[in-house]
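Please find below my notes on the model under review. They take up internal voids, helix packing, disulfide links and an open pocket, in that order.

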Amino acid sequence: MERSQGYGKWKIGISAFAGLMLGSAPGRVSASDHLDSPTAIANPQADIGDVYAWMSPSGRQLNLIMDIVGKSFSDKLSYVFHIDSGSAFGKTTATTTVICRFHEAGTTDCRVGDIDHAHGDASKPQGLQSARHRFRVFAGLRDDPFFNNVKGTRAAYQVASAALNDGAQIDAAGCPDFNQATSEGISYQWRHTEGGPAKNLLAGWTTSAIAISIDLDIVAKGGKLLAVWGTTATSDKQLQRVGRPMTKNALLGLLASDEVADDLKERWNAATPATSAEFVVAIEKALKIYDSFDGKCGNQWLSDREAPPTLRYHALATLLTDDRLWVNGASAVCSQLFAVEMASVGGQSALKNDCGGRTPNYKAANIWRSLLVNGTTTGFDDGLEHDEREHSASLFPFLATPDAQPAKAKSPDPGHAAYKE
């Protein structure tokens, strides 16, 4: 393979990326949405950690969770679930919004247009039933279900960075050609913590969470294929948005300076899925790095080795840029992250009857990594299989109760704060 003429830019970029991932910005670690834009980091009450969406076991309700970095909700913000619906993947024709506000201490106010609303204390485990009994809402502190071996991830990136700095070749599509020793080193480091068993840096992390169970017919006006994303906003400005896990903060600005990455994320948070096409190129650049980690360029999910090199990563970049959690509302079986996508465009017909979406118990980070590294849902993980607490996909409010007094030792230390992937 020929050495890329732009190798110098790759070398600078990966160094900036490594510094970024090693925790250069102090302040926080939480959920799967770490290393966000400066605006989000400065306002933890507006900072969405994760969004979850899946079908209830009865198939009659859509379950939703939005967890927030701050330990309380702001009386100046709206917390919004956007549920787009349609009859075909990628094509939605109707939108339902669930808007929750907290203008008074201890009082939750959530509205679904003029269809139904809930107003009162939603902090008890049973939550608050809406006036017309079309949805139930919980709002309060819960245990964060996301788990991540952050130190192992850091070490894996150091292996990749060293290989690039030592002159690893880049193929025509921009994917680094790592040798077997490098790819094995990346995998080993990712599955261990400082040479020992993998440890979850986020163990015991407490989050503010909004959990909602809402009747399917309210949110499926356009059809039973649902696309879910969450936002926080003031009365005149959208501050943040999150759909799928990890897309924004693991992929935007991966090969850029902090200034460029911050600008991308600020603009991403202000945009919507419908106005995000400008980010496809930035995401393509990051996909090239992930595709290299197993030493086999071109086996990433949806990559096309037969296409011109400039288009190898375009399909997946376009799909990820949409950044909505897709849920098949016609199914009450929910077992696989990306199930709707894999059934619709990935050729996996066996998943057509899976609701997809994301429950609190999916191994989201490991599935995401594997798809981007080897094109399957397994085989590239960080050595962690589950969170330390038991969460539920069926028992409201779904997330486990938090530690009564979270020990400081369990909180991520400042040296790793703002760490994303």
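1. Cavities. The model is a predicted one. A search of the whole structure returns four cavities of 30 Å³ or more. The second largest cavity among them has a volume of about 60 Å³. As general background, rolling a probe the size of a water molecule over the atoms shows where empty space is left.

2. Lining of the second largest cavity. Which residues line this cavity? Its wall is formed by Tyr 52, by Pro 145, Phe 146 and Phe 147, and by Arg 358, Thr 359, Pro 360, Tyr 362, Lys 363, Ala 364, Ala 365 and Asn 366. Helix α11 (residues 364-373) supplies the largest share of the lining, namely three residues. By residue class, the lining comprises eight nonpolar, two polar and two charged residues.

3. Packing of α11 against α8. Helix α11, which contributes to the cavity lining, also packs against another helix: its axis and that of helix α8 (residues 280-292) come within 7 Å and cross at roughly 90°. An angle from 65 to 115 degrees counts as roughly perpendicular, and α8 and α11 are therefore roughly perpendicular to each other. On the α8 side the contact involves Leu 287, Tyr 290 and Asp 291, which meet Trp 368, Leu 372 and Val 373 of α11. The contact residues divide into five nonpolar and one charged, with no polar residue.

4. Disulfides. How many disulfides does the model contain? The count comes to three. One disulfide joins Cys 100 to Cys 110, with an S to S distance of 2.1 Å. The link of Cys 100 and Cys 110 is right-handed, with 115° about the S-S bond. Cys 100 belongs to strand β4 (residues 94-101) and Cys 110 to strand β5 (residues 108-112), so the pair ties together parts that are 10 residues apart in sequence.

5. The second largest pocket. The volume of the second largest pocket is about 260 Å³. Its lining consists of 18 residues, and those nearest the pocket centre are Phe 73, Phe 102, Ala 105, Gly 106 and Thr 107. Strand β8 (residues 135-143) provides the largest share of this lining, three residues.

6. Character of the pocket lining. How do the residues lining the second largest pocket divide into nonpolar, polar and charged? The lining holds six nonpolar, eight polar and four charged residues. For the second largest cavity, the corresponding division is eight nonpolar, two polar and two charged.

Terms used:
Residues are numbered from 1 along each chain as its sequence is written. This is a predicted model: local features need pLDDT of at least 70, side-chain atom pairs count only at pLDDT 80 or more; totals for chains, interfaces and linings use all residues. Side-chain values use heavy atoms; hydrogens and water are left out. On a 1 Å grid over the protein atoms alone, a cavity is a set of points where a 1.4 Å probe fits but cannot get out, and a pocket is an open set with protein on both sides within 12 Å along at least five of seven lines; lining residues have an atom within 4 Å of a point. Grid points are joined across faces, edges and corners, and a volume is the space filled by probe spheres set on the points. Helices (H or I, at least four residues) and strands (E, at least two) are DSSP runs, numbered from the N terminus. Ala, Val, Leu, Ile, Met, Phe, Trp, Tyr, Cys and Pro count as nonpolar, Asp, Glu, Lys and Arg as charged, and the others, Gly among them, as polar. Axes are lines fitted to C-alpha atoms, for helices over the stretch in contact, and angles run from 0 to 180 degrees between N-to-C directions. Angles under 35 degrees count as roughly parallel, over 145 as roughly antiparallel, 65 to 115 as roughly perpendicular and the rest as oblique. Contact means heavy atoms within 4.5 Å. A disulfide is a pair of cysteine sulfur atoms within 2.5 Å.
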